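Trainee: I've got a bench break and a structure to get through. Mind if I fire some questions at you?

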Amino acid sequence: NQLDASSFNRGTLYNHFIKIIENNIARLYENKLEENLINNSQLYTKTTNDSIKSTIDEIRPFLLENYLEIKNHFGQLNFLKNFYKNLVPLSLLNAINAELNKIKEERNLLLISEFNRLISSAIANQPAPFIYERIGEKYKHYFIDEFQDTSSMQWKNIQPLISNALEAELPSGKTGSLMIVGDAKQAIYRWRGGKAEQFIDLYNKKNPFQAEINVENLPKNFRSHDKIVEFNNNFFQHISQYLNNETYRELFEKYSKQETNNKAGGFINLTFIDEKENKESEENLYCTATQNAISSSLEKGFTYNDMCIITRSKAQGITIANYLAEQEIPIISSETLLLKNDKKVAFLIDLITYFNQPLDAEIHLKILRFLAEKNKVENLHEYYSKKLSDINSVFEEENFNTKYFLQLPFYNAVEYAINAFEISNGNEAYLQFFLDEIISFTQNNNDSLSNFLAYWEQKQDSLSIVAPSSSNAIQLMTIHKSKGLEFPVVIYPFANTSIYDSRNFNLWFPVDKNLFGIDYSLFNSKSAIENINDTGKLFVKEYEEKEELDNLNLLYVTLTRAVEQLHIICKREINTKGEENVKTFAGLFINFLKVEGLWNDNNTEYTLGAPEKHSEVKKKHLSTSEDIPFISNASFGNSFELITKSGSLWDTKQQRAIDKGNIYHHLLSKIFFSHDVIPTIEETIGNG
C-alpha cells in the first residue's frame with residue numbers, strides 16, 4: 001500500500017512489524033499498539049495526508065488480525081522457551097529425588113514433609129478412618145493456634161477427627177468443641193504451605209462442620225502505645241485500597257483498626273534515603289541511618305537491649321550486623337548463636353557421624369574440609385584426592401586414636417577429640433555449650449553415638465548459646481523470627497520491598513501431558529504464562545493477589561512489633577515527575593504521608609508523636625562479665641593410679657554412714673503412703 005514509517009504516528013506501528021522481521025523481539029508487546037488498533041486511535045497524526053489516513057483505516061482490520069496472530073505465536077514461543085529453560089532444573093530435581101529415595105530406603109527414614117500427604121492418601125474417601133477413630137476416642141476438645149499458617153492438607157486431614165468430636169454426643173449429653181485462634185493479617189508462611197484463605201472462610205461463616213460457629217474479634221491492642229496503634233490503624237486502612245482482591249481488601253479495611261489502651265505516647269520516625277544525592281552506597285546509607293536511630297533512642301533513655309532491628313532477609317541483617325560490629329555496638333542474632341553454625345561443633349558432629357557411618361564418603365569429605373582449613377592446606381584437590389580414600393592416615397597425622405575414642409565414655413571421647421585435633425583456642429563458648437549439651441543428653445539417655453546423632457538431628461535448630469537476658473545488646477532478626485514478639489524500640493531498615501517481584505516468580509502450571517510428558521511444569525516467567533491462554537491469565541492474577549497479601553502481611557507483622565518507638569528507613573521512591581511508586585513499601589509510605597498532608601519534597605525525615613520514653617525505667621543488671629575460658633580434661637592417654645572406692649573406705653565411719661544412708665534411701669523409695677511403712681520394714685528385714 002506504499003506506506004512507510006513516516007505514514008504512522010512516530011513510526012511505531014511500522015517499526016513493530018520491522019522488528020519482527022529482524023527477529024528483534026525483546027519487549028515487543030510492551031506498548032499500547034493493540035489498544036490503538038482496536039480503537040483506531042493514534043495510528044497517525046492530525047497532519048497526516050487524508051489519502052494515507054484512508055489507506056491506514058482501510059487496512060487496519062488486516063493489521064490487527066496479523067498483530068494478534070503474531071502476538072499469539074510470540075506467546076507460544078515464550079511459553080516453550082520458559083518450559084525448556086526449566087526442564088534441566090526439573091530433571092535435576094528428579095535425579096535428586098531418586099537419590100533421596102535411596103537414602104530413605106537405606107536408612108529407613110521418612111521425611112516429615114511426606115507425612116501429611118501419606119495420611120491424606122490413607123484416609124481419602126473414608127468417612128470414618130480407623131486412625132482418627134482410635135484417636136477420636138481419646139480427645140473431644142481441640143484448640144488450634146496460629147491457624148492462618150495451617151496448610152490445606154493439614155486442615156483436610158484433621159477435619160474428620162474434629163468433625164467426630166463436634167458431632168458425636170458425649171455421655172453427658174454435650175458434644176466436643178473446637179477453638180481456633182489466628183490473624184489472617186499475620187499469615188507469612190504461604191511458602192511453607194500456610195493458607196490464610198482457610199481462616200478467612202471460617203470467620204466469614206463458611207462452616208465445614210455440622211455445629212454452630214461463633215466468631216469473636218479481639219479489638220484491643222495491649223502491646224503498643226497510643227501513637228503507634230493510631231499510625232498502624234491509619235496506614236493499613238489507607239493502603240488496603242491497593243489490594244486488588246476484594247476479600248483481602250476487606251481484611252485490612254475491617255480488621256486492621258485496633259482500639260488503644262491506657263499506654264499514652266509513642267513515637268514513629270520515617271527516614272527516606274536518596275543515593276542519587278549522596279555519594280555513599282545505598283547499603284552504607286541504610287547502615288548510617290540505622291546507627292542514627294539507635295543513637296536517638298539511647299539519648300531518650302532506652303538501652304541496647306530495648307531495641308530490635310528487623311530485616312526482610314538474612315543478607316540485610318548480615319550487612320547491618322557487620323556495620324554495627326565495626327562501630328562496636330553490641331548485637332545478638334539468633335542465627336549467629338546456633339551451635340550448629342559453629343564450624344568446630346559441626347566438625348565434631350561429622351566426626352561422631354563418621355564412627356556411626358564409617359563408609360560414608362560425604363562425611364570423609366566434610367572432615368577433610370575442616371582439617372584442610374585448620375591446617376591451611378594450599379593444594380586442596382591433591383589433598384582430597386590422596387586422603388579421601390585413606391581417612392585413617394589423616395587421624396594418625398592428627399594424633400587421634402580412633403580405638404581410644406571408642407573406648408572412652410561419650411563425653412570424655414568428645415573432650416579427647418577436641419584436644420587431639422587442637423581445635424580449642426581459649427574462649428570457646430560454642431564448644432563449652434556443646435559439651436554441656438552432651439552432659440545433659442548422657443544424664444537422660446544411654447550415651448551411644450547413634451542415639452546422640454538422632455537427638456542432635458531433632459534439636460540442632462534450637463540449640464544455641466544462651467545469651468543472658470541481661471546482656472545489653474541489640475537484637476537483630478528477620479521478620480519471620482520476630483513474629484509473636486514485642487520490643488520497646490523497633491528499627492526497620494531496607495523498608496522498600498517490591499510488592500511484585502518478578503525475579504522471585506515461580507509457578508507450577510498445568511500442561512498437556514500428551515505433548516510435554518508431564519502434568520505440571522515450573523515456570524519463572526510471568527508473561528510466558530499470562531500470554532498463553534485465559535487459564536494463564538487467571539493463574540497470574542491469583543498469584544499477584546496472593547503476593548500482594550503476603551507482602552502487606554509481612555509489613556503488618558513488622559510494624560506491629562513496636563511498643564514505644566518505631567523507626568522506618570526506606571528509599572525515596574519517587575520518579576522525575578514527582579510520582580511515588582506504590583508497588584513498593586517505600587512508595588506506600590510516601591503516598592500515606594501525602595494523603596495526610598505531611599509530605600514535603602525537601603524533607604528526608606518525618607516524625608509522629610513524641611520520642612520521650614514513657615515506660616518505667618526498670619533496673620537491669622547488665623552483664624559485663626569477662627569471657628569464661630574453655631576448660632577440658634587434657635590428661636587423656638596418661639597413666640593413672642587406680643584405687644577402688646570400697647578399698648579406700650573399707651571399715652571406716654564414712655563407709656558405715658554411706659551404708660546407713662543407702663538403706664534409708666532404699667526404704668523411702670518403697671514408701672508412698674503412711675500405711676506402707678510397716679510392710680516395707682518387714683519385707684526388708686525378711687530379705688536380710
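Trainee: Is E328 buried or exposed?
Mentor: Bear in mind that this is a predicted model. E328 sits in the loop between α12 (314–326) and β5 (331–333). Anything over 50% relative accessible area goes down as exposed. E328 comes in at 71% relative accessibility, so the label is exposed.

Trainee: What is phi of E328 near?
Mentor: Most residues other than glycine have a negative phi. E328 is a residue other than glycine with a positive value. Its phi is near 60°.

Trainee: And F494, is that one buried or exposed?
Mentor: F494 also has a positive phi, about 55°, although it is not a glycine. Its place is in the loop between β7 (487–492) and β8 (507–510). The cut-off for buried is under 20%. With 9% relative accessibility, F494 counts as buried.

Trainee: Switching to salt bridges, how many does a search of the whole structure find?
Mentor: The rule wants a side-chain nitrogen of Lys or Arg within 4 Å of a carboxyl oxygen of Asp or Glu. Run over the whole structure, that search gives a count of 21.

Trainee: How many residues apart are R190 and D550?
Mentor: Their side chains meet in a salt bridge, 2.7 Å from N to O. This pair links distant parts of the chain: R190 is in the loop between β2 (177–180) and α8 (196–203), while D550 belongs to helix α25 (residues 534–559). The separation is 360 residues.

Trainee: Which label does D550 get, buried or exposed?
Mentor: Its partner R190 has 22% relative accessibility and therefore counts as partly exposed. D550 has 18%, and the line for buried is drawn at under 20%. That makes D550 buried.

Trainee: Which helix holds K343, the salt-bridge partner of E373?
Mentor: In that bridge the closest N and O atoms are 2.8 Å apart. E373 lies in helix α15 (residues 361–374), and the pair ties together parts that are 30 residues apart in sequence. K343 itself counts as exposed, at 52% relative accessibility. The helix holding K343 is α14 (residues 343–356).

Trainee: What is the N to O distance between K513 and D519?
Mentor: Both residues are partly exposed: K513 at 47% relative accessibility and D519 with a relative accessible area of 44%. Their side chains meet in a salt bridge. The N to O distance is 4.0 Å.

Trainee: Which residues are linked in a network of salt bridges?
Mentor: This one is a network with three names in it. They are E146, D149 and K483.

Trainee: How many disulfides does the count come to?
Mentor: A disulfide needs two cysteine sulfur atoms within 2.5 Å. Going by that rule, the count is 0.

Trainee: Which cysteine has the nearest sulfur to that of C287?
Mentor: C287 is in no disulfide, with the nearest cysteine sulfur 15 Å away. C287 also counts as buried, at 2% relative accessibility. The nearest sulfur is that of C570.

Trainee: How about C308, how far away is the nearest cysteine sulfur?
Mentor: C308 counts as buried too, at 0% relative accessibility. It is in no disulfide, and the nearest sulfur, that of C287, is 16 Å away.

Trainee: Now the interior: how many residues are in the largest nonpolar core?
Mentor: The members that touch the most others are F231, F235, F272, L555, L559, L566 and F589. Leaving aside neighbours within four places in sequence, F589 is in contact with residues including F231, L270, A495, I568 and C570. Apart from that core lies another of 47 residues, with L351, Y384, I418 and A473 among them. The largest core has 60 residues.

Trainee: On the surface, which residues form a nonpolar patch?
Mentor: Together they have about 290 Å² of accessible area. One of them, L93, lies in helix α4 (residues 87–107) and counts as partly exposed at 46% relative accessibility. The patch is made of L92, L93 and I96.

Trainee: Last one: what distance separates the C-alpha atoms of A429 and T560?
Mentor: A429 is in helix α20 (residues 429–444) and is partly exposed, with a relative accessible area of 37%. T560 is 131 residues apart from A429 along the chain. Their C-alpha atoms are separated by 34 Å.

Methods. Residues are numbered from 1 along each chain as its sequence is written. This is a predicted model: local features need pLDDT of at least 70, side-chain atom pairs count only at pLDDT 80 or more; totals for chains, interfaces and linings use all residues. Side-chain values use heavy atoms; hydrogens and water are left out. Patches are made of residues with over 30% relative accessible area and no salt bridge: like charges are joined within 9 Å, nonpolar side chains (Val, Leu, Ile, Met, Phe, Trp, Tyr) within 5 Å. Accessible areas come from the Shrake-Rupley method with a 1.4 Å probe; for residues, only the protein chains shown count as cover. Helices (H or I, at least four residues) and strands (E, at least two) are DSSP runs, numbered from the N terminus. Buried means under 20% relative accessible area, exposed over 50%, partly exposed in between (1.4 Å probe, protein chains only). A nonpolar core is a set of buried Ala, Val, Leu, Ile, Met, Phe, Trp, Tyr and Cys residues joined through side-chain atoms within 4.5 Å. Contact means heavy atoms within 4.5 Å.
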